Structures are given as C-alpha cells and as structure tokens.
Amino acid sequence: SQKAGALIKSFHVGYNHALVMTESGLKRFGTFDSYRGDSHSNVNFGVSPNHLDGNLVVTGTENQNIIQVLSPKIDSSSSDSFFMLYGDGTLKAWGKNYYSLFGQGGENADNIVTLPFTATATSAGTKIVKIAAGRYHLMVLLANGRILCSGRNNDGQLGIGSNSDQNSPQYVNTFSGSGDEYFAVDINCTGYASFAVTKDGKLWS
C-alpha cells in the first residue's frame, strides 16, 4: 500500500531507512542522524506527526524529475551516503564522503551537492543514466556505454586495473562504448564488487 502520500515514482530501501521519490518530492522514512539533506531537524522521519502524507519533503527536490534514488548503507558500519539521479543526467548527493566515493575529496555533505560525475559526462557529450554503489564505492553508467567510478578500491572493485582508491571520477577502461561487446547497458554492486552487462548480453565482474 502507498505510504508516502503523492504518487510514488521510485524508491530505495537501506539498512535503517527508505528514500521514496513522489510527485511532490523526495521523502525520507527511518533514521538519518545528522545527514538529512536539508535543515529539517527530525532524526527519525515517518514518526508522528510527520508520517504518511505529512512526512517532510527534502528541501529542493519539490517537483523535480528524479529518476533514481540510492544509498549504499547496508548495515550499521556502511556509509551514510545518499544519491539522487535526475532525468537530465545530473547526479547529486548528501551524507558521508567515505573514501571520496562522491568523486571529490573533502568533507562530508550535510546538504545536497552536485557531484563532478555530472560535469565529466557532459564534457564527453553524454549523460548519466544509472548509478550503483557498494559499501564505499560508486559506479556511474553513461548513455554512451561507458562507466565511471570512484571511492574505495582495496579489492579492485573499481575495475581500473589497480587497487588504488580514487578520489575523482575514473573511467573503467574495459567499457569503451565501442561495439556491443564493450558497450555497458546496466550496472550493479555488492559491498566489495561491481558488475556490468554489455549490449551483447555478457555479464562482467
């Protein structure tokens, strides 16, 4: 049954929270501690009096075309990081920037910031179409069949030919976008691994 009021467009369920994109904006349910995305002081969203239709919309997401919401928080030790992908390919986030998975160094983001993956895609004449995240790393699928990544890489989860952590967007060079064999059409992650499907139907890891 519907629990977020306005028509639900997409959602993501994490360890102790849910992000629900509705026609009226992005709503939070559960525990977000100090990383709420805006100045609302509620720690546990969805409890009385802010529940169901009355639950607070994240400031700045009202009436926006957000096509994917995501958080890699899968247990109590995972990163409190939250991502939003817009229909025009803009990627935004807030929360903890562990191992620079935001694709930029520096501090955690208490409020929503635009990530450098957006500019990298735009400069290549393409846009972001999907994101996936592991415990401390981020994978970004582009419309041209290429993949960008950043963050923790101790187990080679970025697929860049080394196990060095990355604090800026890096291309996964295997996926050149040239021919069906190297044109990525889907991505996903576990905590310490990444996967891609190419246009010819092969699964890569």
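Start by selecting A109, which in this predicted model is buried, with a relative accessible area of 9%. Since the limit for calling a residue buried is under 20% relative accessible area, the value for A109 falls within that class. A109 belongs to strand β8, which covers residues 109–114. Keep A109 selected and add F11, then draw a line between the two C-alpha atoms: the residues are 98 apart in sequence, and the line spans 21 Å in space.

**From F11 to the surface patch**

F11 leads to the next stop, so extend the selection to I8 and V13 and switch on a surface representation. I8, F11 and V13 together make a nonpolar patch on the surface, and their joint accessible area is about 300 Å². V13 sits in strand β1, which runs over residues 8–13. Is V13 buried or exposed? V13 counts as exposed because its relative accessibility is 53%, and the class of exposed residues begins over 50%.

**Strand β10 and its two partners**

Now select residues 137–142, which make up strand β10, and colour them by accessibility: 6 of the 6 residues in this strand are buried, so that the strand is mostly covered. If you show the side chains, H137, M139 and L141 point one way from β10, while L138, V140 and L142 point the other way, and all of them are buried.

Add residues 128–133, which form strand β9, and you will find that β9 and β10 pair in the antiparallel sense over 5 bridges. The two strands form a hairpin, with 3 residues between them. To see one of the contacts across this pair, centre on I131, whose bridge partner in β10 is V140.

Then bring in residues 147–151, strand β11, which pairs with β10 in the antiparallel sense, again over 5 bridges. Which residue of β11 does V140 stand opposite? The residue is L148, and V140 is also the bridge partner of I131 in β9, so a view centred on V140 takes in both contacts. β10 and β11 form a hairpin too, with 4 residues between them, and in its turn G145 has a positive phi of about 85°.

**Salt bridges**

The structure holds 5 salt bridges, and three stops follow here. Begin with K130 and D186, whose side chains meet in a salt bridge at 2.5 Å, N to O. This pair links distant parts of the chain, with K130 in strand β9 and D186 in strand β13, 56 residues apart. K130 counts as partly exposed because its relative accessibility is 26%, and D186 is likewise partly exposed, with a relative accessible area of 32%.

Move on to D165 and R152, which form a salt bridge whose closest N and O atoms are 3.2 Å apart. Both residues lie in the loop between β11 and β12 (166–171), and they are 13 residues apart. D165 is partly exposed, with a relative accessible area of 35%.

For the last of these stops, select D200 and K202, whose side chains meet in a salt bridge at 3.0 Å, N to O. D200 counts as partly exposed at 31% relative accessibility, and K202 is partly exposed as well, with a relative accessible area of 41%.

**The open sheet of β13, β14 and β15**

Next, display the 3 strands that form an open sheet in the order β13-β14-β15, with antiparallel pairing. The edge strands are β13 (184–190) and β15 (203–204), each of which pairs on one side only. Strand β14, residues 193–198, pairs with β15 in the antiparallel sense over 2 bridges. Within this pair, look for V197, which stands opposite L203 in β15.

**The largest pocket**

Finish at the largest pocket, in which about 190 Å³ of space lies. Which residues lie nearest the centre of this pocket? Select G159, V172, F175, S194 and S205, which hold that position among the 14 residues of the lining. β14 gives the most to the lining of the largest pocket, with 3 residues, so that strand, already on display as part of the open sheet, is a useful element to keep in view here.

How values were computed. Residues are numbered from 1 along each chain as its sequence is written. This is a predicted model: local features need pLDDT of at least 70, side-chain atom pairs count only at pLDDT 80 or more; totals for chains, interfaces and linings use all residues. Side-chain values use heavy atoms; hydrogens and water are left out. Patches are made of residues with over 30% relative accessible area and no salt bridge: like charges are joined within 9 Å, nonpolar side chains (Val, Leu, Ile, Met, Phe, Trp, Tyr) within 5 Å. Accessible areas come from the Shrake-Rupley method with a 1.4 Å probe; for residues, only the protein chains shown count as cover. A salt bridge is a side-chain nitrogen of Lys or Arg within 4 Å of a carboxyl oxygen of Asp or Glu. Buried means under 20% relative accessible area, exposed over 50%, partly exposed in between (1.4 Å probe, protein chains only). On a 1 Å grid over the protein atoms alone, a cavity is a set of points where a 1.4 Å probe fits but cannot get out, and a pocket is an open set with protein on both sides within 12 Å along at least five of seven lines; lining residues have an atom within 4 Å of a point. Grid points are joined across faces, edges and corners, and a volume is the space filled by probe spheres set on the points.
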